[in-house]
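This report describes a model of a protein assembly. The sequence and structure come first, followed by the text.

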Amino acid sequence: MDGKVKEQKKEQKKHQQKNSGPKSERKKSRKLDDAAVEENEHKKNPKAFAVQSAVRMAKSFHRTQDLKTKKHHIPHVDRSPLDPPPIVVVVVGPPKVGKTTLIRCLIKNFTRQKLGDIRGPVTIVSGKKRRLTFIECNNDINTMIDLAKVADLVLMLIDASFGFEMETFEFLNICQVHGFPRIMGVLTHLDSFKNNKQLRTAKKVLKHRFWTEVYQGAKLFYLSGMVYGEYQAQEVKNLGRFISVIKFRPLAWQTSHPYVFADRMEDLTDPETLRLDQKCDRTVSLYGYLRGTYLKKHTQVHIPGVGDFSVADVGFLPDPCPLPDTKRKRTLNEKERLLYAPMSGVGGVVYDKDAVYIDLPRGHVDREQESRPTTELVRSLIDTHATLDAKMASSKVSLFRGSATITDTDVEGDQQLEDGEDEEGGDDEEGGDDGEDGDDGEDGEGNSDMDEAEASTEQPGKLTEPQRVQTGKRLKMSVDEGEPKVSETLAFADSEDDLELSKEDLSEGESAAEESDEEDSESEQIETKAAGSAFCSDEEWTDDEPDVESTMKSEGMEIPPPKTTEKDLKKAKALEIKGSDQAYETDGALRWKDDLQQKASEVFLKHQQAAPNLRKHVYGTGKVSECQDLEAELGGLFRVSRPEKSKTNLADAADCSRFHPDSLHNWDLEEMLHSIADCFVTGKWEEWQDAATLLKQDENLYGDFEDLETGEVHNGDDKDQETQPEDVKVDDETQKKNKRLEKKRRLKERFDAEYDDGDATYFDDLKEEMQIQAELNRTEFESMDDATRVQYEGFRPGMYVRLEIAALPCEFVTNFDPHYPVILGGLGSSEGNVGYLQLRLKKHRWYHRILKNRDPLIVSLGWRRFQAMPLYHIEDHNGRHRMLKYTPQHMHCGASIWGPITPQGTGFLAVQSVSETKANFRIAATGVVLELDKSVTLVKKLKLIGYPYKIYKNTSFIKGMFNTVLEVAKFEGASVRTVSGVRGQIKKALSTPAGAYRATFEDRLLMSDIVFLRTWYPVAVPQLYNPVTSLLLPVGQKENWSGMRTVGQLKHDLGLHYKPKPDSVYKPVVRAPRHFNRLNIPRQLQKALPFKSKPKQDQGKGKTPRDLIRPTVVREPHERKVAALLDALSTVHSYQSKKARGAQRLKHKDFLQQREKQEGEKVKRQKEAKKKLYRMMGQQENKSQRSSLKGASQDG
Amino acid sequence: MTSHGLEYEGCNFFRQRLVLSTLSGKRVRIKGIRSRDDNPGLRDFEASFIRLLDKVTNGTKIEINQTGTVLFYQPGLLLGGTIEHDCNPQRSIGYYLEGLLMLAAFMKTPLKATLKGVTNDPTDPSVDLLKTTALPLLKQFGIDGDGLEMKVWTSRGMAPGGGGEVIFSCPIRRTLRPVQLTEPGKIKRIRGIAYSVRVSPQMANRIVDSARSVINKFIPDIYIYTDHLKGANSGKSPGFGLVLAAETQKGFFLSAELSSAPQGQGPTILPEDLGKNCAKLLLEEIHRGGCVDSTNQSLALLFMTLGQQDVSKVLLGPLSPYTVEFLRHIRDFFQIMFKMEAKPPLEDERKGGEKVLMTCVGVGFSNISKVTK
């Protein structure tokens, strides 16, 4: 039995869910209710959702809307370039924190290369779409300021074992002022913690401090320790990943100014001038990626640490560190992991204006090339087989590509026509190596490789190595012989492209020649001429596109087969026709019909060229030829000055914006009137705008419908079907398809307009507008080639540019240190000028002293760092700018400086000195530019002091304030005041003494009073603008720039001390004891006073009158005895009564105790009695209850 | 601080150079001003223009040599405010206004200028014309609001005597909007003002009738106001003229004007002829077409240049010589080149002559005079 029970217990009965019955129904209904609860909530408990208070509801609505709109930022047009420049990653930190190690590790991580000595910026390709430029920031405040301005991402290294250092905070503050780049913290030296708990707390403390400085949740990395002098690979990899996915917010200053962070510097100064004068100004070319915005030609740049310069020449070069071609793949291959750091001497290919330098490792040099003489000149000499005379005789000149060539013999009169078409094959090959440089190099080409040309007619398209070399020489030769020929070709040129004399071609030819001389056989650097380096220089700017193309091609070594343009064909044909015309002049009269097509194409082509014509008309050779030729000398003394009609007309004509064309159209003609008929609403409309078409389209859109009232059936499609011809062609089908697409588009547009745009806010509209603009910006010049595009847009950010700067101080080159960044910051249109700047300034709260008026400060504003002398001021309530002697402790104040014009809203920071490295915080003040002007209105308070010398009631005569009557006259009516606060007014000057005047006051003055006149005196801001030229200092001393010293420093240095005036010195205050006279109240007044106020004890008692003095009593002996007895008796009595009182008190105490006892007992008794009673009552009640219950149960 | 200056020769395009110099902050030196003329040097109206520039700027340095043939101009910052200027009557107020229109939006405080002198003359665009065409153009670039106003105030003054008064006020802007004015739209109405001072009031009516006779063929919506002024309001010289403006659907204006020759100079013209000729000039302008009429081409191009670094486009009629020179000057001062695409008329289109589509990227100009608080 027991066992059975146990078994039953083991397998307990499972809960069985009821599927039927009331319980299950209840459950089901509850479930249903739950589902419907959400909808029914309002119905179930309408009060809970009723509007209790309209005001509160409005408030909550407002609040949500406010929060929503707060999230919005003003939308900006996205001007980020498609091909962005490398991201500047600045690695900052105090010394010995591991900056260089980190850069090295990151470079190794991305490129698998180890860099030994890192100097200057290092550019690498980090991913398919991202390049990085690493730069290390040393501890110099100049470098910190400069780099904060160009940084996109800051890696802030922090020594965890030490904690934050002052430099870190300084750099953060600099960043805040100049737009806040992305900042990532990196904690190093984490292995120095022995204790794990200590490490954790240190991390936490540092993290929170970092968050308060940057923003809550800023990324902080931990590099736990070193392995063989490097950070752990996995950690570096993670950091690299973070860097390559980080996103950036555009910074105001950076996006509105072009800038180049130079990664290469070349001195271009002529060696001869350098030899003559070691300290001459240098011409320097600086290279780097253009960032920020478009760079225009001839812009001014500021090089922080050097000064302002105007760019002599800008050109773009092929990207030395290009992004991989866009292909669908996940990772980069080894070839694409590029590294470019010219200052550190790394980087495969270095391009220049006219050359490419390839740095090859020793093993890669081709043996074949080594065996040949490396100098091109020598090579060309070896390859020459014929003498010059022979060549001259056999040389040919072809005026046009593909046209007949003119040989020596031709010139002598024998008109020999050669078939241009036949020659085409041979010329094709020529085009292959020298392209279209024909303008100047044609005859050189002809005479130098006559034999080759013949050879090539047999083997078209084949070009061996020596021949290629020949082309180089050819070019060189063409330089001297080409020039006379140019004019000759000019005469025949029919397109305006040929009219442009391409000087560039010549100069490039020369430079190529120079280069070949320079070539060095021992070095592993092989110079090749810029193959297709699309460098565009100044001269070419005026040229046309085809010309640029031609210069590109001119030195092309590996250029694909020439593109014979339409134009060329046309020329060739035209000449051919001409030739044939000459030859067969007598031929039929209907000849004109033959080349009808040709003529038509010619006309068409001319039309095509209209656009460049317009451009040429406006921007082309705008210079009118000088009238120098007209000035003929008369007898070597006088010059005949003949006013040239046309020129003076142009230069001195009436300045009028009206457009009076030479000939108006004849508007009386019906034909003319007809030509503008469509300009009016009454004219014919475009098909897509025409009301009739639109109506029809609508009809088509909505298709068939039946008018229910009339029962008429409208068929939308029948018209189309009717109009369509029976034979359906493919063309029609496409048309139909297009129509359908159009219809669809329209429908969608309508739908969008109805549903999407309905709740579109202003913000959405604005955003959309910006997006459209951005799209337009991107697409407008997309199809152009770079050379033309830079003319319109300027150089795009992301291009690798070369900026040539003339007249740089020689110290820049001689003291060049790649560890210091060279930045070329482009300046806006009027940012090169100087003026007065009004700033809002606040002393930094961590700077330990206040700033003194007129003490020189070094300000970092815009790109610049300069010393200026600020005047501090504060604005009074009436708008007056009152000068202050010192900056307020914890308040903003105004500051006025003389400095470079910088747009309002630009932030700045100020330091007192850039040379010292102190433990203290160095940033003295920060602020923002408010206003720019060419004059300032600062005033300081000036109190003029005078003394009254005659006083009549309220009028006084004051002297000593002015010196002449005139001065007084200027201040008539001015209000004056005395020290005691009596106000008055200047009335009139007095004749004697000079400068005295009459004034009236609101009260009578005393002779001891001093009268003030409060005036405001304008102060001038000192015009000191002293750029910090720290980059010009010798290597190793670049941190020691010192400018103008403050007065305090000067005094300290010269050992001077201020001697105060004896009057100004504080002396101990000596006060004489005060003495007050008695208050005398007249008797009458006393009488009238109430008793309270009447003087009472004030009067001395005075002498007691005689009658009131009582006589002294002298007792008799008996009386004395009685008194003694009475005395004794009273003493006894008092003792006894005291004793009795004591006893009585004791007795009473006893009594009280007794009574208390009794009371207690009584209470106890009563309690017990009550208890008994209550028990009884309770029992009784219980009984009765029981009995009643019994009764109830009986009832139930 | 070496902001390199520019050098020019001759007095032509004088205003362009000074205005662009003021906006770009570049110094300018103009040499050989009428140096070969019998009466060399700057004329009074040019001096008056310089004085006007001096009034609206602060810190401008002007040096003129003894003969007035060399001018050195170092611009200051634009100040604005309320100014009053007596314009030299050799040129009409339009000459001065064209300069001010280019500068007014970039002042420190909004400009409110009262100009006194000749309101209408045959050479320069008149106040009425600039009011109808230039102000809507400013609005396209975001310079609009209550403050924008230009009108003939109290009196009209004809050449040569003058005596008219014009007020021009303009709000200030920090930046300008990029524009895409590529579709001019069709002309929906023509408005005009026929004015007459110190002549018979009937003159204006005669002008209106004759002008309507020409343009009524195209569009019926024509209204030409007559403006006859008497007494003190009529200036010092007699004269009459007509200003016509055609408004397109898109809110662009094409305009033409003609004014009688100054008293005692040139041949007299009948009001009927003037009306007809002016109407024909308007047709000529319509034939040229574009979104901006030929007088204001340079203004539109300037504001495109001074825009943000965005692409702006405008469709113009053939470029006037003044505009062509202006484009060159823009290249000198701002290094901006315009992309010019000629748009020849299509075969079956009857919309006048060849148009030019001008495209440029702005320099990212911002008003450096405006105060931020």
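The paragraphs below go from chain A as a whole to the cores, an enclosed helix, salt bridges and cysteines.

**Chain A overall**

The model is predicted. Chain A contains 39 helices and 40 strands. Of its 1196 residues, 38% count as buried. Chain A exposes about 76000 Å², and carbon and sulfur atoms supply 53% of that area. Among contacts in chain A between residues at least 6 apart in sequence, 73% join residues at least 24 apart.

An unreviewed UniProt entry annotates residues 84-249 of chain A as "domain: Bms1-type G". In the model, the end C-alpha atoms of residues 84-249 lie 14 Å apart. Helix makes up 40% of this span and strand 22%.

One residue with a listed environment is A:Ser126, which sits in the loop between β2 (122-125) and β3 (131-136) of chain A. A:Ser126 has a relative accessible area of 13% and is therefore buried, the cut-off being under 20%. Apart from neighbours within four places in sequence, A:Ser126 is in contact with A:Phe110, A:Arg131, A:Leu132, A:Ser244 and A:Leu332.

**Nonpolar cores**

The largest nonpolar core has 94 residues. Within this core, the residues with the most contacts are B:Leu18, B:Leu23, B:Phe168, B:Phe338 and B:Met358. Helix α3 (residues 93-103) of chain B gives the most to this core, with eight residues.

What is B:Leu23 in contact with, leaving aside its neighbours within four places in sequence? In chain B the partners are B:Leu78, B:Met102, B:Leu103, B:Phe106, B:Leu302, B:Leu306, B:Phe334 and B:Phe365, and from chain A there is A:Ser829. Another core, of 49 residues, lies apart from the largest one. Among its residues are A:Val90, A:Ile158, A:Trp211 and A:Leu909.

**An enclosed helix in chain B**

Helix α7 (residues 297-305) of chain B has nine residues, and nine of the nine are buried, so the helix is largely enclosed by the rest of the structure. The buried residues are B:Gln297, B:Ser298, B:Leu299, B:Ala300, B:Leu301, B:Leu302, B:Phe303, B:Met304 and B:Thr305. An α-helix has 3.6 residues a turn, so residues three or four places apart point the same way. The buried residues of α7 in chain B pack against several elements of that chain: α1 (14-24), α3, α4, β16 (311-316), α8 (321-334) and β18 (355-361). B:Leu302, one of the buried residues of this helix, is also among the contacts of B:Leu23.

**Salt bridges**

Over all chains, the whole structure has 47 salt bridges. Three pairs are given in the table.

| Pair | Closest N to O distance |
|---|---|
| A:Asp117 and A:Arg119 | 3.7 Å |
| B:Asp128 and B:Arg156 | 2.8 Å |
| B:Lys151 and B:Glu149 | 3.0 Å |

Why does the salt bridge between B:Asp128 and B:Arg156 tie together separate parts of chain B? B:Asp128 lies in helix α4 (residues 127-140) and B:Arg156 in the loop between β9 (149-152) and β10 (164-170), so the pair ties together parts that are 28 residues apart in sequence. Both B:Asp128 and B:Arg156 are buried.

For the pair in chain A, A:Asp117 counts as exposed at 52% relative accessibility, and A:Arg119 counts as partly exposed at 32%. In the remaining pair, B:Lys151 is partly exposed with a relative accessible area of 26%. B:Glu149 also counts as partly exposed, at 31% relative accessibility.

Salt bridges can also link into a network: this is the case for A:Glu742, A:Arg745, A:Arg746 and A:Glu749.

**Cysteines**

A disulfide is a covalent bond between the sulfur atoms of two cysteines. How many disulfides are there over all chains? The count comes to zero. B:Cys87 is in no disulfide, and the nearest cysteine sulfur, that of A:Cys656, is 16 Å away. B:Cys87 counts as buried at 5% relative accessibility.

For B:Cys278, the closest cysteine sulfur is likewise in A:Cys656, at 15 Å, which is too far for a bond. B:Cys278 counts as buried at 0% relative accessibility.

Technical notes:
Residues numbered from 1 in each chain as written. Chains lettered and ligands numbered in written order. Predicted model: local features only at pLDDT ≥ 70, side-chain atom pairs only at ≥ 80, totals over all residues. Heavy atoms only, no water. UniProt positions renumbered as here; feature names shortened; annotations may be inferred. Helix = DSSP H or I, 4+ residues; strand = E, 2+ residues; numbered from the N terminus. Core = buried A, V, L, I, M, F, W, Y, C linked by side-chain atoms within 4.5 Å. Buried < 20%, exposed > 50% of the residue type's maximum accessible area, 1.4 Å probe, protein only. Contact = heavy atoms within 4.5 Å. Salt bridge = Lys/Arg side-chain N within 4 Å of Asp/Glu carboxyl O. Disulfide = S-S within 2.5 Å. Areas by Shrake-Rupley, 256 points an atom, 1.4 Å probe, with all protein chains shown as cover.
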